[in-house]
Amino acid sequence: MPPQIPHPDPGTPDTRGPLRYIWWLARSQPWRVLRGSLLGTAWMAGLALRPYLIAKAVDDGLRARDQRALLFWGLAIVVAGVVQAWLGVLRHRTTNFIREDATARSAAVLLRHLSRVGAVLSRKLAAGEVATVGGADIGNTSYVLTITGPGVGAVVAYALVAVVLWTISPLLALCILLGVPLIVAVMGPMLRRLDRVETVYRHRLGLLTARAGDIVAGLRVLAGVGGRGLFARRYADRSRELLAEGYRVGAVSSWIRALTHALPGLFLAVVVWLAARMAADGDITVGQLVAVYGYVAVLAVPVWFLLDGSYQLIRGRVAARRIVALLNLAPDDVGDSDHAAVPAPPHPAELRDPVTGLTVPPGRMFGVAATDPAEATALADRLGRYVVSEATWGGQRLTGMPLAEVRSRILVADHDAYLFAGTLRDVLRIRDDLNDGALRAAVRTASADDVVEALPDGFDTELDNRARRLSGGQRQRVRLARALLAEPEVLILLDPTSAVDAHTEARIAERLRAARAGRTTLLLSTSPLLLGYADTVAYLAGGRVVATGTHAELLEREPGYRALVARDGGAPAPDAGDVATTRGPGEVEEVLR
Amino acid sequence: MTPGPVAASASRLPVAGNAVVRRAARDLLRRDRRAVVLAVVLHAAAAVAGLGAPWLLGMIVDEVTAGAGAGRLDRLALGIVGCVVAQGLLSRYAQYVGHRFGERAVARLREEFVRRTLALPVSVVERAGTGDLATRSSVDVNLVGTTVRDAVPVVVISTAKLMLLFGAVCLLHPILGLVALAGLPSIFVVARWYLRRARDAYLFEGAAAAELTETLTSTAEGARTIEALHLADQRIAHGTGRIARLWAARRATLRLRSVVFAVAGASYALPVAAVLLVGGPLLDRDVVSLGEVVAAALYLQQAIDPLDALLMWTEQTQRGMASFARVLGVGLVPPEPRGGAGVPSGRGVTLRGVRFGYGDGPDVLHGIDLEIRPGERLAVVGPSGAGKSTLARLIAGIDRPRSGVVLLGGRPVTDLDPAQRRREVVLVTQEHHVFMGTLRDNLAFAAPEATDEQMRAALVAVGADWYADLPHGLDTELGDGARELNPADAQQLALARIVLADPHTLILDEATAALDPTTARRTERALGAVLAGRTVIAIAHRLNTAHDADRVAVLDDGRITELGSHAELLAAGGAYAALWRSWHG
């Protein structure tokens with residue numbers, strides 16, 4: 001019967017090893033697997049039925065010149081054909097159900113794990129790893145389960161043919177019993193070799209495809225400065241290399257394709273030879289001779305399934321190993337989350353970071369201008385508890401508090417926070433209780449109204465991953481609107497307006513202040529427009545807070561601060577700060593000349 | 001900031017029609033005629049050798065019935081062995097020749113595709129979006145590859161085998177041949193039914209699988225955001241929906257296969273039974289021998305494999321043809337026009353009454369008049385959506401104004417030869433791209449004649465001192481999968497290209513906007529070296545750029561509302577002055 005997909009609960013996978021994982025996929029659907037084995041066996045056995053019936057028709061009908069018997073066996077062939085086709089469809093469907101159940105289950109457990117394991121993923125995973133797992137490994141692992149159906153059937157059918165031949169002649173049966181393992185033994189290493197050259201080929205093909213995609217992605221750059229010929233030549237060079245690799249694959253695969261037919265054929269010839277001499281000696285009948293030919297010819301199918309099964313197992317094991325490795329990734333250690341030693345403060349409270357000496361009072365808009373952006377990021381990680389630190393909240397160590405509560409009350413909005421594919425509404429609706437009115441308000445605060453207007457279907461416009469169809473500034477405002485919609489008690493914004501023009505930035509600063517009134521907002525930025533709207537600004541230099549005050553006060557008092565922010569975008573690097581202090585406004589832009 | 005094409009209706013790249021596809025397919029065969037003929041001959045020879053075994057078996061049956069001696073049987077059996085060996089060897093070399101032909105054809109095809117892609121006018125690429133082109137370059141090119149390499153040979157060989165097998169039965173006796181066709185009508189009908197539906201169903205299945213993979217990938221990439229915003233349940237719900245879609249797509253294709261396997265499978269027995277049943281009366285009248293009937297039955301039993309293969313691979317061939325049409329479609333776009341306005345005289349930029357809008361959309365620019373002197377530095381400021389980027393594109397000659405004219409050195413900029421235009425004016429945007437290839441490749445395409453010394457000098461000029469740390473200097477491989485440059489380094493690389501290309505006019509469209517402030521600062525310092533001695537039109541993002549320019553143009557809603565030096569505009573006390581004061585603190 002078809003499985004229930006998607007699974008309401010995919011279960012807990014056995015991640016102690018690739019084979020255990022595959023075994024878990026099989027034992028999650030025991031009845032279906034049993035059904036698959038039975039059908040696989042019945043279908044495979046049925047393959048041997050037709051030669052038997054043909055032999056009967058030849059012996060009892062044609063040779064005996066008995067039209068009634070001929071009619072009987074002829075009709076039997078037709079009926080057997082229909083039954084066999086029906087069995088084949090059932091077998092195919094069950095095998096597919098088994099594989100699809102496994103695929104959906106793997107996808108579901110991976111999805112759950114990837115969704116819950118958290119920030120660690122972006123650091124520990126190489127680009128494209130999940131794509132490989134999702135695109136190929138899940139399928140290859142599921143394919144191993146084919147063994148449970150036709151694989152089991154192949155072994156049974158093989159035994160069956162041997163038994164039937166035994167009743168005709170033990171010598172012929174012995175040929176079969178020795179011959180088939182011989183074929184598998186010869187072909188096994190060739191299949192593995194094919195797998196190796198094909199892996200190289202696919203890898204190279206992937207690189208070449210990436211190169212074509214690279215050219216497509218860079219077309220606008222090429223149109224701007226020229227040089228198309230060079231890239232066409234480079235691509236052609238690599239294409240030729242792949243061609244040579246392709247010849248290598250062809251050399252192996254052509255042997256395998258030819259041998260898959262020739263080896264059983266050769267084997268068949270030997271058996272027929274023996275059988276013909278027996279028939280000549282009168283040990284077996286002509287009908288039996290034809291039957292032997294049929295049985296042995298039919299063996300090609302189980303042999304093919306056996307070869308295919310061993311090949312799938314080799315490949316599936318490698319694939320399952322990658323799935324298991326992904327499932328075994330553990331979240332970052334950010335302190336004990338289950339047995340919280342200290343409760344979170346019941347009311348909005350002061351945040352403190354001993355490393356920099358920063359204190360953020362509750363309910364205010366607070367700015368931090370850091371000379372080094374890395375310091376700002378590290379500060380946000382500590383205050384948002386993405387690392388173990390000595391930071392405190394309401395006087396207690398943040399690290400000891402219940403993690404879920406910290407996450408829901410303190411939000412770190414990264415400037416490169418991920419935008420998932422979906423309509424703009426999907427992107428913004430991070431909670432189900434948000435209606436369009438709330439979305440519009442947040443969009444307005446983030447000054448992203450024009451982004452919505454520019455999209456053909458407004459909120460219903462489909463965006464791809466990372467919202468690539470939007471410009472950098474548009475994306476930044478969408479991110480800001482989304483962060484505002486989370487309505488956290490503490491909102492930590494990292495460079496929220498770096499890609500936005502000055503007009504818009506001024507608008508955002510004003511609206512942000514109004515929207516967050518009474519709640520804690522921490523702005524990590526060097527933009528004077530933004531910092532000008534903060535109640536208090538801390539100037540972070542060399543990893544410590546060196547001055548605190550309003551933006552205007554700091555501009556007045558702190559030359560380093562002035563150099564950092566007043567000429568935002570045009571100022572020299574902070575290490576040259578003391579030089580810049582001697583310059584008047586505008587002089588630093590000389591670097592632009 | 002808003003690149004116009006976002007809102008403009010996507011106009012798709014063309015897809016080749018049947019006639020073009022057929023001609024291209026014939027071309028592929030013709031260009032490698034020797035290999036094709038050799039492969040066909042070898043395959044045919046292999047198939048003929050394959051017919052030997054049942055035929056010889058039929059003879060053995062007759063001999064045994066006639067009571068022949070062991071010697072005669074041994075010779076016949078040895079004949080079977082010989083046939084099998086010959087078939088194996090012939091088939092191996094046939095496959096090998098076919099595979100090599102396929103690989104060569106695919107290589108030619110993909111190289112041609114890339115050449116055509118590179119010749120596409122940039123406005124066509126932007127209108128169609130790079131997504132479509134990226135799919136054609138990956139999915140379609142590779143699908144055509146597997147089709148030419150795997151599916152086409154199987155279809156050709158299977159067809160040939162079937163014709164030989166049925167031909168052989170006809171040779172045994174025409175009546176047997178006629179009877180053998182018994183099972184074919186039902187197979188033909190179900191195949192038509194299946195092929196009509198299979199293509200869409202499998203395309204949908206492929207898309208659903210890709211969507212699920214994409215969901216898993218983005219879930220991993222956005223893991224930190226999921227944790228921060230509590231999106232885990234949403235992601236799981238979203239992904240579960242994808243799993244359900246894939247399952248629905250797989251069930252749909254399975255349903256199609258269930259029907260076709262059932263009908264075809266049941267039909268396979270019909271010719272065998274028919275030959276045996278008709279064989280009885282024929283045998284009675286001595287029209288055929290027992291061996292002939294047996295051989296015919298065995299031939300028809302052998303026909304099951306190629307029939308199966310034909311049924312399954314025809315569908316892939318159809319999909320491959322559809323992809324082929326999309327690959328060839330890229331070649332149907334007329335290449336960038338050569339332009340014939342000759343060489344511009346002078347370096348000034350003039351805009352007169354320029355109006356422009358994307359697609360059928362409303363005007364974005366409403367009559368711009370502007371004169372930019374050689375060597376002048378003009379800053380263009382204004383709110384998002386005012387048309388700043390559009391203005392930049394018009395001056396760079398990417399788009400043609402709806403009315404009015406953009407002149408470069410007295411010639412319409414869109415009429416200049418593209419190569420000539422690139423030597424005159426270059427648009428630098430926040431979009432930078434590091435190509436897969438060596439650092440040298442990444443520079444050389446801007447100036448093919450540049451020496452290594454000039455390249456190094458260009459890198460030094462833009463402050464790209466990181467190049468000295470590269471393990472292999474100019475030969476270091478960059479880009480996806482090799483050494484990845486950070487955004488600042490990548491932007492410096494882009495600037496070094498401009499130093500090498502050496503245009504006299506530069507348009508900077510927020511070239512540093514996507515960078516974080518520190519990086520932007522470093523990059524802007526590098527810009528200084530590039531701008532020296534050139535006309536610069538800067539779409540300003542930070543007002544300090546405007547402060548330093550010779551003149552500032554304030555663009556609002558597609559019109560120039562203010563124009564003058566920084567000091568003049570401040571004195572005028574308009575919108576610019578207000579903004580400057582708020583920004584300046």
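Which strands of chain B does helix α12 lie across, and at about what angle does the helix run to β1(B)? In this predicted model, helix α12 (residues 388-395) of chain B lies across β1 (349-356), β2 and β4 of chain B, and its direction makes an angle of about 125° with β1(B).

**The sheets of chain B**

The strands beneath this question belong to an open sheet of four strands in chain B, ordered β2-β1-β4-β5, in which the pairing is antiparallel. At its edges stand β2 (365-372) and β5 (411-412) of chain B, each of which pairs on one side only. Strand β4 (residues 403-408) of chain B is joined to β5(B) by two bridges, the two strands running antiparallel, and within this pairing B:Leu407 has B:Pro412 in β5(B) as its bridge partner.

A further open sheet in chain B has six strands in the order β6-β9-β10-β3-β11-β12, and here the pairing is mixed. Its edge strands are β6 (425-429) and β12 (559-564) of chain B, each paired on one side only, and neighbouring strands of the sheet are turned against each other by 15° on average when direction is ignored. Within the sheet, strand β3 (residues 377-381) of chain B pairs with strand β11 (residues 551-556) of chain B in the parallel sense, over four bridges; B:Ala379 stands opposite B:Val552 in β11(B). In general, strands of a sheet pair through backbone hydrogen bonds, either parallel or antiparallel.

**Domains and confidence in chain A**

Chain A is divided into domain 1, covering 18-327, and domain 2, which is made up of 351-420 + 475-582. Taken over C-alpha atoms, the centres of domain 1 of chain A and domain 2 of chain A are separated by 59 Å. The average pLDDT of chain A is 86, and 94% of the residues score at least 70. Over residues 568-593 of chain A, however, the pLDDT is below 50, although this stretch has 56 contacts in the model beyond near neighbours in sequence. Where pLDDT is low, the predicted coordinates should not be read in detail.

**The interface between the chains**

How many residues of chain B are in contact with chain A? The contact involves 158 residues of chain B and 164 residues of chain A. Between them, chain B and chain A bury about 14,600 Å², of which 64% is on carbon and sulfur atoms. The count of salt bridges between chain B and chain A is 12; among the residues that form a salt bridge across the two chains are A:Arg238 and B:Glu477, whose closest N and O atoms are 3.9 Å apart.

**Backbone details**

Two residues other than glycine with a positive phi are set out below, together with their places in the chains.

| Residue | Phi | Place |
|---|---|---|
| A:Glu487 | near 45° | loop between α17 (472-485) and β9 (490-494) of chain A |
| B:Asp286 | about 60° | loop between α9 (232-284) and α10 (290-302) of chain B |

Chain A also holds a cis peptide bond, from A:Ile5 to A:Pro6, with omega near 0°. A:Pro6 is found in the segment that comes before α1 (18-27) of chain A.

How values were computed
Residues numbered from 1 in each chain as written. Chains lettered and ligands numbered in written order. Predicted model: local features only at pLDDT ≥ 70, side-chain atom pairs only at ≥ 80, totals over all residues. Heavy atoms only, no water. pLDDT = per-residue confidence, 0-100. Contact = heavy atoms within 4.5 Å. Domains from an automatic or database assignment. Pairing = 2+ DSSP bridges. Axes fitted to C-alpha atoms, helices over the stretch in contact; angles between N-to-C directions. Buried area = accessible area lost by both parts, 1.4 Å probe. Salt bridge = Lys/Arg side-chain N within 4 Å of Asp/Glu carboxyl O.
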